[in-house]
Amino acid sequence: MDSIASNPLRCNAYAVISSSFKTAKEFNIIAQNPAPYAVQTIRSKMRQKKRTETKRKTFSLQQLQNILLTCKKEEPNYYLLMLICSTTGIRISEALGLQFENVDFSNRQLHIIWQKGRTIYGDSWESQMATSQLIQTKTSSSVRNVEIPQFVLDEIILAKNKYDYLNQNDVNFHYTPDFVVVNSNGRPLSRDFKISHAFKHVLELCDINPDDYCWHDLRHTYATLLKKNINNLKVISKLLGHSTVDMTEDVYFDDQRDIIDTSSIMTKYVDSLYDKIHMSDKSEELDMSKISDAFLKIR
């Protein structure tokens with residue numbers, strides 16, 4: 001197991017070796033079962049290695065503002081997707097699987113119960129549905145409610161009104177009911193190379209090296225924002241839909257109350273984005289040097 005470089009292969013090795021040695025012990029082929037200790041040792045070693053690895057990069061507030069501005073102008077088909085991922089921290093597969101029935105407009109929440117993609121068994125790969133079907137979330141912990149600021153909710157409402165209008169007035173628009181994020185033809189977006197290409201295009205226009213970042217870094221940026229404002233990794237872990245706190249960050253966390261209203265934090269966060277994004281609608285120059293990170297000091 002120590003010689004296996006691939007994480008997925010190592011996980012398979014855990015299962016095969018554990019079950020094999022367990023069976024050998026049950027049939028008295030071996031007197032002692034070394035597998036549990038071996039698996040525990042390797043897992044501990046891998047966790048230690050992960051701690052020492054360089055953390056993923058995150059975007060600054062100024063960069064994120066500029067990215068959203070540019071995406072709205074240059075890649076409008078992906079703007080709502082990027083906005084939702086940036087301001088809620090949900091996975092891109094979860095955002096693509098969002099339906100309007102999952103949006104709680106009264107309480108300003110998203111109910112994350114699905115994701116879009118293929119299963120670990122590769123179901124529907126042959127039928128070209130591997131990246132567009134709705135499947136269960138990554139883990140049971142990923143089923144959760146996520147706060148959304150009013151500005152993002154307004155954008156979702158505007159998108160729904162736009163879809164309904166185009167569906168009635170544009171013969172080329174074939175809207176698939178209920179999906180929050182669709183392409184210019186009304187079809188649900190799939191997690192494919194087009195999203196990655198659009199993301200890299202936006203970064204290039206923002207003078208950011210696209211090779212240094214990926215879409216998932218929007219989620220890391222959100223997590224970093226939460227960490228700056230909530231000194232409780234257990235809460236952050238729940239908001240991100242992680243199964244364990246160790247997955248969120250390998251540090252000790254305080255035993256604080258688990259119920260924290262994050263809506264005020266994210267509202268200030270998105271309000272700052274809102275001001276700059278809608279400033280562009282008035283054809284005003286955006287002076288990024290004047291943008292303050294003061295809101296990150298909220299407690």
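This note comments, point by point, on salt bridges, strand pairing, backbone angles and surface exposure in a predicted model.

1. Salt bridges overall. A search of the whole structure finds four salt bridges, and the pairs discussed in the next two points are taken from that search. Side chains of opposite charge can pair when their charged atoms come close.

2. The network around Glu 94. The side chains of Glu 94 and Arg 91 meet in a salt bridge with an N to O distance of 2.7 Å, and both Glu 94 and Arg 91 are buried. Arg 144 also forms a salt bridge with Glu 94, here with the closest N and O atoms 2.9 Å apart. This second pair links distant parts of the chain, since Arg 144 lies in strand β5 and Glu 94 in helix α5 (residues 92-96), 50 residues apart. Arg 144, like Glu 94, is buried, and Arg 91, Glu 94 and Arg 144 are linked in a network of salt bridges.

3. The pair of Lys 45 and Asp 2. Lys 45 forms a salt bridge with Asp 2, and the closest N and O atoms are 3.1 Å apart. The pair again links distant parts of the chain, with Lys 45 in helix α2 (residues 35-52) and Asp 2 in the segment before α1 (7-26), a separation of 43 residues. Are the two partners of this bridge buried, partly exposed or exposed? Lys 45 is partly exposed because its relative accessible area is 43%, and Asp 2 counts as partly exposed because its relative accessibility is 47%.

4. Pairing of strand β2. Strand β1 (residues 103-104) is joined to β2 by two bridges, and these strands run antiparallel; within this pairing, Asp 104 has Gln 109 in β2 as its bridge partner. On β2 there is also a pairing with strand β5 (residues 144-147), likewise in the antiparallel sense, over four bridges, and here Leu 110 stands opposite Val 146 in β5. Strand β5 is also the element that holds Arg 144 of the salt-bridge network.

5. Asn 102, ahead of β1. Asn 102 is found in the loop between α5 and β1, and it counts as buried because its relative accessible area is 3%, which is under the 20% limit for that class. If residues up to four places away in sequence are not counted, Asn 102 touches Gly 97, Gln 109, Leu 110, His 111 and Ile 113. Among these contacts, Gln 109 is the bridge partner of Asp 104, and Leu 110 is the residue opposite Val 146.

6. Positive phi angles. Which residues that are not glycine should be checked for a positive phi? Most residues other than glycine have a negative phi, and most peptide bonds are trans. Asn 28 has a positive phi of about 60°; its place is in the loop between α1 and α2, and it is exposed because its relative accessible area is 68%. Arg 108 has a positive phi of about 55° and is found in the loop between β1 and β2, where the hairpin has four residues between the strands. Arg 108 counts as partly exposed because its relative accessibility is 26%.

7. The nonpolar patch. Ile 113, Trp 114 and Val 143 make a nonpolar surface patch of about 240 Å². Trp 114 is found in the loop between β2 (109-112) and β3 (115-116), and it is partly exposed because its relative accessible area is 34%. Ile 113, a member of the patch, is also one of the residues touched by Asn 102.

8. Helix α6. The 20 residues of helix α6 (residues 150-169) should span 28 Å at 1.5 Å a residue, and the end C-alpha atoms are 28 Å apart, so the expected span and the model agree. Its buried residues are Phe 151, Val 152, Leu 153, Glu 155, Ile 156, Ala 159 and Tyr 163. Asp 154, found in helix α6, counts as partly exposed because its relative accessibility is 34%. Asp 154 and Phe 105 are 49 residues apart in sequence, while their C-alpha atoms are 9.5 Å apart in space.

Definitions and conventions:
Residues numbered from 1 in each chain as written. Predicted model: local features only at pLDDT ≥ 70, side-chain atom pairs only at ≥ 80, totals over all residues. Heavy atoms only, no water. Patch = residues over 30% accessible without salt bridge, like charges linked within 9 Å, V, L, I, M, F, W, Y side chains within 5 Å. Areas by Shrake-Rupley, 256 points an atom, 1.4 Å probe, with all protein chains shown as cover. Buried < 20%, exposed > 50% of the residue type's maximum accessible area, 1.4 Å probe, protein only. Pairing = 2+ DSSP bridges. Expected span 1.5 Å × (residues − 1). Contact = heavy atoms within 4.5 Å.
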